[in-house]
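Colleague: I'm new to this one, so could you pick a single part and walk me through it slowly? I'd like to hear about the place where a ligand is held.

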Amino acid sequence: MPGNDEIRTIIVLDARREAVDISTIYFKDELTQTAKPGQYLMVWVPGEDEVPMSISTINHNGLSSITVRNVGPTTEILDSLQPGTKLGIRGPYGNSYEIKGEKPLIVAGGSGAASLYPLVEAFIEKGIIPTFILGGRSSDQLLFEDELVDLLKEKLVISTDDGSMGYSGYASGYAALLMAENEYDHVYTCGPELMMAKVFYETEKHNLPIQASLERYIKCAVGLCGNCVVGPYRVCKDGPIFDTEMLDTIREELGVSRLDASGIKVRVNH
Amino acid sequence: MNAAGVLGMTPDILKRVYDSGAGAVISKSIGPEPRRGHPNPTLVRVECGALNAMGLPNPGVEYFVEEIQEIKKMGVPIIASFFGGSTQEFADVAYKLSRAGADALELNASCPNVAEELGMLAADAANVEKVTAAVRDETKLPLFVKLSPNVTNIKSIAVAAEWGGADAITAVNTSKGIAIDINLRRPILANVTGGLSGPAVKPVSLRCVWEVAQAVKIPVIGCGGITTGRDAIEYILAGASALEVGTAVMTHGLDVYKEIADGITCYMENNGFTSISEMVGLAHDYENIGVDNACLGMTK
Ligand SMILES: Cc1cc2nc3c(=O)[nH]c(=O)nc-3n(C[C@H](O)[C@H](O)[C@H](O)COP(=O)(O)OP(=O)(O)OC[C@H]3O[C@@H](n4cnc5c(N)ncnc54)[C@H](O)[C@@H]3O)c2cc1C
Ligand SMILES: Cc1cc2nc3c(=O)[nH]c(=O)nc-3n(C[C@H](O)[C@H](O)[C@H](O)COP(=O)(O)O)c2cc1C
Ligand code: FES
């Protein structure tokens with residue numbers, strides 16, 4: 001049986017609080033070490049649920065991580081784990097960001113920075129320092145700020161919804177400004193879907209290619225059950241990274257509708 | 001065809017399945033009310049297959065009516081799989097789905113994952129006949145009844161469905177199974193047990209097709225672990241006139257529909273068959289097939 005579908009047990013080695021409702025969980029897993037930026041794991045909290053989580057660190061001296069925002073029962077448990085706790089994981093799953101362009105702009109909103117951090121590392125390995133907009137609700141909600149400053153120096157720029165730090169307003173607004181003022185050749189985004197939709201429309205104005213990481217309700221993660229579909233694509237398998245062409249195909253659903261667990265279309269509200 | 005419950009959620013994805021080479025598509029099993037299904041883990045890959053306990057998630061028949069109309073507008077032939085919690089519910093859902101414009105119906109008598117809630121219909125010949133007959137009264141559409149392998153005598157169930165008025169038998173749904181995590185020392189699926197599919201079940205499902213084909217006069221639709229053209233030919237020789245493919249999409253992607261179709265064509269060309277119907281059930285005549293008549297097999 002191909003390895004990545006097999007459920008492995010991981011032991012939480014470290015749990016680091018990033019914000020009141022966000023924490024990063026570190027563990028060792030051989031297959032996760034080989035993941036590509038943008039891929040995710042299915043994380044099983046026995047007795048509760050199994051949920052998709054982007055891989056936020058890939059192989060730092062053997063350590064990998066996920067970064068969780070507490071939004072419901074399962075993420076509440078994940079957000080308050082003690083080292084030593086055992087979890088099940090399978091994956092890595094999904095496609096990945098394609099490393100493209102010499103002058104990339106990366107737009108992160110909220111916990112979206114989780115999947116983008118390994119992307120930054122991949123660019124830096126190629127000798128390219130991307131421009132990175134780190135957006136959050138307020139200055140105490142900025143994910144990986146210290147690590148990103150170390151890697152990116154002045155190429156890291158901040159936006160906060162409440163204006164407590166950096167640009168005041170949504171990351172998508174800041175992205176529009178930067179795209180108007182500078183020459184980029186590729187845009188990456190992960191965060192709230194309404195933000196990503198705006199960034200997508202902005203890239204169209206400037207004729208820039210984009211890759212965006214989408215979320216839908218994942219069950220099987222292997223492309224069989226169809227619960228995660230958006231347009232003709234399965235987010236679990238054909239995604240989660242959508243390029244310009246895919247985003248164009250799903251234009252009517254982007255930022256508008258998604259399927260709930262029963263397959264009924266509901267509004268995308270963040 | 002795609003097997004019921006595999007990528008049967010929305011018109012757009014069913015269209016993609018159709019464009020990938022399936023001759024028709026089958027919806028997720030639709031029930032009277034929306035259901036979220038079981039919590040995750042709902043699917044785990046096991047040796048040579050998958051074990052799932054989705055728990056029949058579906059948006060409910062009222063909602064799905066519009067989806068059927070949309071799929072029809074796309075020009076895709078759609079078979080609506082359905083279930084109910086009682087004879088009356090089966091009949092009601094079937095009525096609404098036929099009114100919506102489905103091309104055929106597949107009565108799911110056999111989902112092992114909701115047995116406690118809905119009763120294991122497919123294990124009870126009298127009930128299968130009763131429910132099939134009740135549905136028959138509500139629709140003129142071709143009606144397939146999908147059976148479970150988890151029964152002592154599948155022939156008697158198939159005959160009951162035939163008597164009830166079924167136009168074809170789909171054989172078969174998943175085999176009941178369990179997967180245990182040895183480190184966490186607990187069953188993996190939230191529902192504890194689930195349905196096994198994929199190559200692991202093929203010999204069992206193939207045997208079911210064989211037995212059903214002996215028992216009934218109506219056509220049999222084969223399902224269970226079909227991954228290659230060779231698998232497909234085995235099912236046809238055992239008595240299947242049409243085939244459903246699900247789990248192979250996990251291992252081979254959506255191209256698997258075309259690959260299987262190409263494999264069948266190749267076998268037919270190599271052996272001088274011009275239609276599928278010439279091959280259906282041929283293996284039952286094994287005592288009369290001399291070595292001289294044996295054929296060359298497949299080149300791919
Ligand atoms: C590819 C992908 C990567 C993700 N990466 C991250 C990440 O790095 N960090 C992070 O904090 N969150 C991430 N998420 C979102 C995360 O999976 C949900 O927040 C989590 O499942 C909520 O579970 P819950 O039980 O705590 O909340 P619930 O109360 O059950 O649900 C809260 C919200 O989460 C959604 N949700 C619940 N279950 C699932 C599921 N199985 N699949 C998708 N959405 C679900 C619900 O639709 C609802 O909108 C990702 C989602 C996807 C699809
Ligand atoms: C994820 C998944 C969901 C399924 N859902 C249904 C369903 O809703 N109704 C049904 O009759 N069968 C359902 N099945 C069973 C399949 O239709 C099929 O009978 C079984 O998987 C065996 O075929 P396969 O080996 O080609 O997958 C499901 C199977 C899988 C893997
Ligand atoms: S989650 Fe099942 S197909 Fe994507």
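Modeller: Sure, and keep in mind that this is a predicted model. Before we get to the ligand, let's warm up on chain B with Leu56(B), which is found in the loop between β3 (49–52) and α2 (61–73). Leu56(B) isn't a glycine, yet its phi is positive, at about 50°. Most residues other than glycine have a negative phi. As for its surroundings, Leu56(B) has a relative accessible area of 6%, so it counts as buried, the cut-off being under 20%.

Now for ligand 2. You'll find ligand 2 in the largest cavity, with 22 residues around it. The closest are Ala4(B), Ser29(B), Lys146(B), Gly225(B) and Thr247(B). Sorted by class, that shell holds twelve polar, eight nonpolar and two charged residues.

Zoom in on Ser29(B): an N or O atom in its side chain is 2.7 Å from a nitrogen atom of ligand 2. The backbone joins in too. Gly246(B) has a backbone N or O atom 2.8 Å from an oxygen atom of ligand 2, and for Val172(B) a backbone N or O atom lies 3.5 Å from an oxygen atom of the ligand. On its own, ligand 2 has 610 Å² of accessible area, and the protein covers 98% of that.

Stay with Val172(B) for a moment. Val172(B) lies in the loop between β7 (168–171) and β8 (175–178) of chain B, and the peptide bond joining Ala171(B) to Val172(B) is cis, with omega about 0°. For context, most peptide bonds are trans.

Methods. Residues numbered from 1 in each chain as written. Chains lettered and ligands numbered in written order. Predicted model: local features only at pLDDT ≥ 70, side-chain atom pairs only at ≥ 80, totals over all residues. Heavy atoms only, no water. Near = heavy atom within 4 Å. Polar contact = N/O pair within 3.5 Å; in protein donor to acceptor, adjacent residues only side chain to side chain. Areas by Shrake-Rupley, 256 points an atom, 1.4 Å probe, with all protein chains shown as cover. 1 Å grid on protein atoms, 1.4 Å probe; cavity = no way out; pocket = protein on both sides within 12 Å on 5 of 7 lines; lining within 4 Å. Sits in = over half its atoms within 2 Å of the grid points. Nonpolar A, V, L, I, M, F, W, Y, C, P; charged D, E, K, R; others polar. Helix = DSSP H or I, 4+ residues; strand = E, 2+ residues; numbered from the N terminus. Buried < 20%, exposed > 50% of the residue type's maximum accessible area, 1.4 Å probe, protein only.
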